[in-house]
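Q: I am new to this structure and would like a close look at one part of it, the salt bridges between side chains. Please take me through them carefully.

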Amino acid sequence: MKPSTAQVYTAPAPVGGWNARDAFPVMAPTEAITLDNVFPESNLCRVVGAGVETDSYTTSDGFIETFAQYLPNTGGYKAIVSDNTYFRILNSAGEFEGSTYTHSSGNRWESVNFRGSIILVNGSAAPKAWNGSAWSSPSYTGISDPTTLSHVDAYKSRLFFCQTQSLSIWYSASVNQISGVLTEYDISGIVRRGGYVLFAGSLTKDIGSGLSDIFVIVTNQGEVIFFSGDNPSASNWVIAGRAYIGIPMGKRAFCSYKSDLLIATTEGIFSCSDILQSGSSARALTDNIQLAYNEVASAASDYDGWELHYWPSGHMLVLNVPQNYPVSVHQYCMNTFTGAWCRIKGNNASAFCLMGNDLFFASPQGSSNSIQQFDAGANPPDEIEIQGAFLPLGSASVIKQAKSIRAFWNGPRYFSYYLECLADFESRRYSNLVRKAEASSTEWGDAWGAPWNLGERSIANFTGVESRVGVFYSYKIKSRMAAATAAGQNPNDFVPAAGTTISAVSYIFEPGGIL
């Protein structure tokens with residue numbers, strides 16, 4: 001018998017994440033051309049949860065575009081949502097409680113927690129406040145029209161406000177003041193690109209003599225000005241730096257991240273600390289997905305819905321990316337441990353909010369507004385898709401032909417998926433269905449278990465694939481929820497259960513001659 005010439009090459013799961021920047025031949029083995037609804041952990045990739053609905057209400061006043069966490073001085077946290085007419089209160093489980101509060105003034109409010117109250121402004125209505133038990137309308141003097149206050153933040157025990165289409169910043173005349181006199185700080189003589197102040201925030205930076213808080217003002221033209229000191233009236237208030245970045249993707253396209261401030265712009269997501277230290281050489285956090293990011297930023301830069309959130313317990317940075325807001329919205333998610341990216345589809349989120357250790361979002365669901373917990377529950381997403389990097393399977397100077405592939409899955413049950421093997425950067429439609437799910441039962445001794453043997457199971461059987469002769473090879477995996485057309489079949493069983501992992505993919509191939 002002629003000895004086999006077949007060889008095996010094992011590629012790790014794409015824990016390096018989605019690469020939408022590099023040319024195919026130079027991508028790393030740990031990267032993916034496509035990584036949808038699969039999150040890259042440090043050592044494997046995990047199917048995300050489809051989310052769990054915690055509550056909903058019938059839509060009568062538009063969809064929810066404000067979702068803000070309330071952090072009291074004592075007691076449990078809650079959240080506030082807003083449609084076009086009402087504020088509603090949510091408890092920490094994401095359930096509505098109490099009565100509505102009428103504002104009748106638009107559904108996009110910006111907020112900050114300050115001294116046991118949450119302050120909300122929207123640039124066209126009187127500011128509102130909630131202290132955990134009662135609503136009020138804070139009175140601000142010194143400014144002719146408080147309804148033009150469009151953004152609010154806190155810095156060194158004072159409230160700082162931005163004004164609609166203005167280069168004026170307004171700040172509390174006294175510390176620890178929720179209402180009262182505001183003082184104007186006109187920066188029209190400081191900015192060089194004009195425009196207006198879009199939002200403001202702060203970060204903590206080592207300035208040589210120790211850690212110091214830095215106040216950050218960002219204009220709609222992408223001009224970022226850094227200030228140090230107590231407040232604009234203080235003798236220690238100075239300009240600490242200036243930078244020019246891409247146009248920010250809206251009022252909510254920023255977030256506090258550890259001791260830093262991140263901003264999503266038309267050119268990517270940037271760290272303000274890196275900008276202050278490195279200037280124009282600062283690298284975008286979205287560098288690995290830059291081409292995909294640029295494409296969607298150009299197409300949807302005028303849409304509402306751009307939001308950036310840091311979810312510490314999920315070790316995720318989540319960017320809400322509107323395709324057609326709010327009926328079609330994706331999330332670009334980064335592993336904050338590794339910097340690896342993926343894309344999550346199917347959560348048409350109109351607003352996000354962190355509550356305790358969990359991340360929630362609001363989503364229009366037909367005639368209702370739904371509140372859902374992000375990446376939670378056992379239900380899978382509607383589909384997953386992975387395409388690994390094109391790899392030479394050892395040597396890029398030897399032609400070869402792949403014969404079989406096996407994916408190292410670990411999960412609680414059967415599922416169906418398509419598996420294709422592509423050669424030399426070709427594109428191919430999915431046609432090779434390699435596993436058929438049976439929802440009602442499993443065979444005795446089956447690798448995925450039986451009704452009397454539940455729990456997670458590993459399976460890594462080789463599956464024959466058709467591939468042409470080539471040098472570089474890539475695998476494609478897709479699993480999509482299907483209608484329950486046969487008795488005993490559950491649509492969920494056509495997609496891996498949430499939490500199912502993939503750790504590696506192996507190829508069996510036959511090598512040929514040297515090129």
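A: A good place to begin is Arg46, which counts as buried because its relative accessibility is 19%, and the cut-off for buried is under 20% relative accessible area. In this predicted model, the side chain of Arg46 meets that of Glu41 in a salt bridge, with 3.0 Å from N to O. Glu41 is buried as well, since its relative accessible area is 14%.

Another pair to look at is Arg252 and Glu307, which form a salt bridge whose closest N and O atoms are 3.4 Å apart. Arg252 lies in the loop between β23 (238-244) and β24 (254-257), while Glu307 belongs to strand β27 (residues 307-311), so this pair ties together parts of the chain that are 55 residues apart in sequence. Arg252 and Glu307 are both buried.

A further salt bridge joins the side chains of Glu385 and Lys478, at 3.3 Å from N to O. Here, too, distant parts of the chain are linked, for Glu385 sits in strand β34 (residues 383-388) and Lys478 in strand β39 (residues 473-480), 93 residues apart. Both of these residues, Glu385 and Lys478, are buried. Glu385 and Lys478 also belong to one network, in which salt bridges that share partners join them with Asp36, Arg343, Lys345, Glu383 and Arg480.

As for the wider picture, side chains of opposite charge can pair when their charged atoms come close. Counting a side-chain nitrogen of Lys or Arg within 4 Å of a carboxyl oxygen of Asp or Glu, the model has 21 salt bridges.

How values were computed: Residues are numbered from 1 along each chain as its sequence is written. This is a predicted model: local features need pLDDT of at least 70, side-chain atom pairs count only at pLDDT 80 or more; totals for chains, interfaces and linings use all residues. Side-chain values use heavy atoms; hydrogens and water are left out. Buried means under 20% relative accessible area, exposed over 50%, partly exposed in between (1.4 Å probe, protein chains only). Helices (H or I, at least four residues) and strands (E, at least two) are DSSP runs, numbered from the N terminus.
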